[in-house]
Amino acid sequence: MGNSKNTYTKKELGGYLVGMFGQNLIYNIVATGLYFYFQNVICLPAMALGWIFALARVWDAINDPMMGTIVDKTRTKWGKCRPYLIIFPAIIGLVTILAFLNGNYAEASTSTQKVLIVVWAAVSYIAWGMVFTVCDIPLWGITSLMTEDENDRSKILGLARIAAGIGGIGVLIVQIAQALSGAFGGDMQKGFIVAAVVFTVIATVLFEFAGIFTRERVESKNEKKYGFIENFKIMFRNKPFRQILISGILRSPIQLLMIVAMTLVTYYYANGNIMNIIKLNEDGSFAGINVKILIGLGSVAIGLFAGQFIAMGITPSLIKKIEKKKLYNFYSIAGAVPFSLIYVLYKISGGDLTTTFWSIMIGICMLFASASFGGINVLQSVMIADCVDYEEYHNGVRTDGVFFSGQSFITKLSAGIATLLSSVVFSYVGYSGANVDKLNKAIEQGASFITYDGGTGAGKYASAMFFLISVLPAIGMLLSAIPTLKYAMSDEEHTRILDELVEKRKNNQSTDAE
């Protein structure tokens, strides 16, 4: 990356990736950690939790395009995306911490207290989604402004997805909170609050790097400006973008893997507390490691994260050799197979996948399943960036913020739909509110989650969780390929469009110089 072409420097790339890691650390603290906290620590009713997340995503349907419009109208000496990346990370950090400062629904003695706890959860989560959007759209949108080179853009988006994937360590807030609870006499809620504060402060500092170290190098000379309604029309008029948007929404159940997986592995493999991996003597002294739990947790974790990283690492190279549309559809259709196998293996094993053999088999399924959506994530970002070029070429306006608001919208709407689906299933089997509190107390007294019968049938909770991370995502992956089977923009056409846009910008710069 030299000075011969209008593209980012190594310093800018490094700062952007550190910021991307910090942002996704915060995202996973909320997407997985806060969900676990709401469901299993303060024991909100399943349907209340589902509607909180779903309503927040409905608001995002309006909020995201609004923010995209605001970004595209922003004009400062720093550019149109950087100001938000400099100012708002600290605000996101504060709201994230506030979301964890709630009461305990299971311990509330009056209906008024219970209502207030649900209201605080709803307001804090919706507020978090709003401020997160303020930074999320500029964070992705700036990638198309940092370089004019198509290969460099594919590279930064591929690396961004890897950095975002590494930010997935934010899900470890669950395990760390459980470990910290020992310092508070086993109070899981206090452990979560302390973990949330520490994680969030670190993530916020790292997030700031994206605003401080990046530079916007691509500038469209077009003076056209559009309002909110016009930008909404632009998004849906752009056929390739519309296809990606619909595909992403149909793929919503894939989010169940990240939402439910932490609860599943914590309860199914570690029987409700990750600290069970440590064996203790009767006097409380260390007696070794529970190898069975270690293998189970390790297999799932390695499969889940390794698959994503491998796919995200190789996809930018594959894009140079394989048509984006073909690769996108391959990931979607082929990815349905390992997802569906997870539930098949659960049934074949008789409901007990904790032996070494079955743990490894599930790990292999997780590896290929996570690889499919890891590759799709990279392709989605690259293809949306292509749509920005498509819009500038055909209609003379470069709406980076609006189009990348679509990516933010896909992610958050998908999470909302997935949460509502999980809430319906959990309500059906009784994994909700006071029943979760009863489960936790039963486990403390020696019950096994795998065979627990909370009046709903032995092992029904575990079966519901495996259904959620297997069958529904498999269906979603297959459905998501339908809109893009006849994708509206070929790679050859995009290359031609980009070449003409670069030449046009050079001519504009020459005219301005004269």
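**Asking why about a predicted model**

User: Which residues form the aromatic cluster here?

Analyst: In this predicted model, Phe36, Tyr37, Phe38, Phe100, Phe192, Tyr267 and Phe449 form one aromatic cluster. Rings count as a pair if their centres lie within 6.5 Å, and by this rule the count comes to 25 aromatic pairs.

User: What makes Tyr268 and Phe466 an edge-to-face pair?

Analyst: Two numbers do the job. A pair of aromatic rings is described by the distance of the centres and the angle of the planes. For Tyr268 and Phe466, the centres are 5.0 Å apart and the planes are at 80°. The distance has to be within 6.5 Å and the angle over 60 degrees for edge-to-face, so Tyr268 and Phe466 get that label.

User: How do you know that this pair links distant parts of the chain?

Analyst: Look at where the partners sit. Tyr268 belongs to helix H12 and Phe466 to helix H18 (residues 460–480), and 198 residues separate them along the chain.

User: Why are Tyr268 and Phe466 called buried?

Analyst: The cut-off for buried is under 20% relative accessible area. Tyr268 comes in at 2%, so it is buried. Phe466 has 1%, so it is buried as well.

User: What makes the rings of Phe357 and Trp358 a pair, and of which kind?

Analyst: Their centres are 5.0 Å apart and their planes are at 75°, so this pair is edge-to-face. As for Trp358, its relative accessible area is 18%. Since buried means under 20%, Trp358 is buried.

User: What is unusual about the phi of Cys43?

Analyst: Most residues other than glycine have a negative phi. Cys43 isn't a glycine, yet its phi is positive, near 55°. You'll find Cys43 in the loop between helix H1 (10–41) and helix H2 (46–73).

User: Is Cys43 buried or exposed, and how do you know?

Analyst: Its relative accessibility is 1%. Set that against the cut-off of under 20%, and Cys43 counts as buried.

User: What about Asn271: why is it called partly exposed?

Analyst: Partly exposed covers what lies between buried, under 20%, and exposed, over 50%. Asn271 has 23% relative accessibility, so it goes in that middle group. Asn271 also has a positive phi, about 50°, although it is not a glycine. Its place is the loop between helix H12 (256–269) and strand S1 (278–280).

User: And Ala270, what makes it buried?

Analyst: Ala270 is found in the loop between H12 and S1. Its relative accessibility is 0%, so it counts as buried. Leaving aside neighbours within four places in sequence, Ala270 is in contact with Val265, Asn276 and Ile293.

User: How do you know that Gln39 in helix H1 is buried, and what is it in contact with?

Analyst: Gln39 has a relative accessible area of 4%, and under 20% is what buried requires, so Gln39 qualifies. Neighbours within four places in sequence aside, Gln39 is in contact with Leu44, Leu49, Thr263, Phe426, Tyr431 and Val436.

User: Why does Thr133 get called buried?

Analyst: Thr133, in helix H5 (residues 111–141), has a relative accessible area of 0%, so buried is the word. Beyond neighbours within four places in sequence, the residues in contact with Thr133 include Asp60, Asn63 and Lys412.

User: What makes Ile450 buried?

Analyst: Ile450 has a relative accessible area of 18%, and because the cut-off is under 20%, Ile450 is buried. It is placed in the loop between helix H17 (434–444) and H18. Tyr268 is one of the residues in contact with Ile450.

User: Now the whole protein: how do you know that its radius of gyration agrees with a compact globule?

Analyst: With 514 residues, a compact globule would have a radius near 24 Å, and the protein has 23 Å, so the two agree. The C-alpha atoms fill a box of roughly 85 × 45 × 40 Å along the principal axes. Inside, buried residues make up 58% of the 514 residues.

User: How many helices and strands are there?

Analyst: The protein has 19 helices and two strands. Of the contacts between residues at least 6 apart in sequence, 82% join residues at least 24 apart.

Notes: Residues are numbered from 1 along each chain as its sequence is written. This is a predicted model: local features need pLDDT of at least 70, side-chain atom pairs count only at pLDDT 80 or more; totals for chains, interfaces and linings use all residues. Side-chain values use heavy atoms; hydrogens and water are left out. Helices (H or I, at least four residues) and strands (E, at least two) are DSSP runs, numbered from the N terminus. The radius of gyration is taken over C-alpha atoms; the globule rule is 2.2 Å times the number of residues to the power 0.38. Buried means under 20% relative accessible area, exposed over 50%, partly exposed in between (1.4 Å probe, protein chains only). Contact means heavy atoms within 4.5 Å. Rings of Phe, Tyr and Trp (its six-membered ring) pair if their centres lie within 6.5 Å; planes under 30 degrees apart count as stacked, over 60 as edge-to-face and the rest as tilted.
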